[in-house]
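Welcome! Here is a short guided look at one protein chain, arranged by topic so that you can follow along on screen. Take a moment to turn the view around before reading on.

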Amino acid sequence: TPTTTTTTTTNHTLNHGSVAKVLLVLSGKGGVGKSTVATQLALSLVRKGLRVGLLDLDLTGPSVPRLLGIESLNVHSSSTGWVPVIPDAAQRLKVMSIAFLLKSREDPIVWRGPKKSAIIGQFVTDVMWGDLDYLVVDTPPGTGDEHITIAEKFASYKPSAVVVTTPQAVSLSDVEKEISFCRRVDIEILGILENMSGFMCPCCDEVTKIFGSGGGALLAQQQKIPFLGSIPIDPTIADSAGNSFIEKHAAARNLQALTDLAETLSPSISSVSAKEPEPTTT
């Protein structure tokens with residue numbers, strides 16, 4: 001089980017609710033699987049009985065709805081804000097993404113920085129999240145305008161970050177920049193996750209290190225940050241894209257690192273989950 005820095009949690013006010021802890025899933029590099037990790041982490045926390053919001057802030061490449069198989073669903077607008085999509089019967093997972101506001105998957109987001117900053121602010125303040133234990137935020141790659149806005153909008157929530165890398169040297173170099181960014185804006189780093197850490201054979205579960213190995217652990221050691229573990233590529237998860245992670249997640253064999261992280265995080269929360277789910281506005 002990974003060792004992470006546990007801080008005292010104080011519930012922070014959201015639109016018509018509160019959140020105990022905000023988790024940012026970050027990486028300086030695109031294509032490392034942030035959205036997959038954010039989705040799997042959210043589902044791991046849901047399986048612990050926690051109430052979780054999943055906010056997709058990768059505005060130009062929103063993929064969380066597709067990963068969950070809920071692209072056809074819509075958010076609803078009310079006089080007090082947007083009602084997020086609730087894809088699970090227990091109503092413990094709530095999802096918001098710009099993808100729900102687009103007419104089709106092919107529609108591009110061609111916006112300058114100020115408009116992106118404005119919609120990020122709306123997603124933070126105008127979504128009716130209700131009471132949450134965790135708000136998991138899938139962020140875009142890099143350290144640009146959107147990241148500055150995210151850091152500013154969530155500053156009062158005292159967010160923590162899970163940094164995602166792959167084993168290759170080019171990814172590790174970009175991730176170092178993300179770590180520097182977090183330190184500069186005073187975001188606590190829970191640790192580094194190494195994604196795509198080899199390929200898990202669907203027949204025998206043997207893991208072949210097709211991209212090398214150990215890069216994430218070495219970076220964590222150099223940066224004096226906890227190493228949260230490695231996630232190999234599992235065809236079980238790869239085949240679920242476009243269907244539903246919700247059913248596939250429980251059968252996945254590669255998620256021990258995220259299961260351990262969820263196990264570490266769940267005792268640190270004074271759960272609001274004992275409450276009955278709020279009625280869903282339609």
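Rings of Phe, Tyr and Trp, with the six-membered ring taken for Trp, pair if their centres lie within 6.5 Å; planes under 30 degrees apart count as stacked, over 60 as edge-to-face and the rest as tilted. With that rule, a search of the whole structure turns up two aromatic pairs. Please keep in mind that this is a predicted model.

**The chain as a whole**

- The protein chain has nine helices and eleven strands.
- Of its 282 residues, 54% are buried.
- Take the contacts between residues at least 6 apart in sequence: 79% of these join residues at least 24 apart.

**The two aromatic pairs**

- A pair of aromatic rings is described by the distance of the centres and the angle of the planes.
- The ring centres of W82 and F123 are 5.5 Å apart and the planes stand at 65°, so this pair is edge-to-face. The step rests on the cut-off of over 60 degrees for that label.
- What does the pair tie together? W82 belongs to strand β5 (residues 81-83) and F123 to helix α3 (residues 113-125), so parts that are 41 residues apart in sequence are tied together.
- Both W82 and F123 are buried.
- F154 and Y157 form an edge-to-face aromatic pair too, with 5.6 Å from centre to centre and 70° between the planes.
- Is F154 buried or exposed? F154 is buried, as its relative accessible area is 1%. Y157 is buried as well, with a relative accessible area of 9%.

**S97 and its surroundings**

- You can find S97 in strand β6, which covers residues 93-97.
- S97 has a relative accessible area of 0%, so it is buried; the cut-off for that word is under 20%.
- Which side chain makes a polar contact with the side chain of S97? The partner is D56, and the contact is 3.1 Å.
- The side chain of S97 also reaches the backbone nitrogen of A99, at 3.1 Å.
- Setting aside the neighbours within four places in sequence, S97 is in contact with D56, P62, P65 and F123. F123 is the residue that pairs with W82.

**The largest pocket**

- Rolling a probe the size of a water molecule over the atoms shows where empty space is left.
- The volume of the largest pocket is about 380 Å³. It is lined by 21 residues, and the closest to its centre are P62, E71, A99, S104 and R105.
- Two of these names may ring a bell: P62 is in contact with S97, and the backbone nitrogen of A99 is reached by the side chain of S97.
- Sorted by class, the lining of this pocket holds eleven nonpolar, five polar and five charged residues.

**Helix α4 and the second largest cavity**

- Which residues of α4 are buried? They are E146, H147, T149, I150 and A151.
- These buried residues pack against β2 (17-26), α3 and α5 (169-184).
- The structure has two cavities of 30 Å³ or more, and the second largest has a volume of about 30 Å³.
- The lining of the second largest cavity consists of L24, L26, H147, I150, A151, F181 and I187.
- Which element gives the most to this lining? It is α4, with three residues. β2 and α4 each supply at least two.
- By class, the lining of the second largest cavity has six nonpolar residues, one polar residue and no charged residues.

**Two residues with a positive phi**

- Most residues other than glycine have a negative phi, and most peptide bonds are trans.
- Q91 is not a glycine, yet its phi is positive, near 55°. Q91 sits in the loop between β5 and β6, and it is partly exposed, with a relative accessible area of 26%.
- K158 is not a glycine either, and its phi is positive at about 50°. Where is K158 found? K158 is in the loop between α4 (145-153) and β8 (160-165).
- With a relative accessible area of 56%, K158 is exposed; the cut-off here is over 50%.

Technical notes: Residues are numbered from 1 along each chain as its sequence is written. This is a predicted model: local features need pLDDT of at least 70, side-chain atom pairs count only at pLDDT 80 or more; totals for chains, interfaces and linings use all residues. Side-chain values use heavy atoms; hydrogens and water are left out. On a 1 Å grid over the protein atoms alone, a cavity is a set of points where a 1.4 Å probe fits but cannot get out, and a pocket is an open set with protein on both sides within 12 Å along at least five of seven lines; lining residues have an atom within 4 Å of a point. Grid points are joined across faces, edges and corners, and a volume is the space filled by probe spheres set on the points. Ala, Val, Leu, Ile, Met, Phe, Trp, Tyr, Cys and Pro count as nonpolar, Asp, Glu, Lys and Arg as charged, and the others, Gly among them, as polar. Helices (H or I, at least four residues) and strands (E, at least two) are DSSP runs, numbered from the N terminus. Buried means under 20% relative accessible area, exposed over 50%, partly exposed in between (1.4 Å probe, protein chains only). A polar contact is a pair of N or O atoms within 3.5 Å; within protein, one must be able to donate a hydrogen and the other to accept it, and residues adjacent in sequence count only if both atoms are side-chain atoms. Contact means heavy atoms within 4.5 Å.
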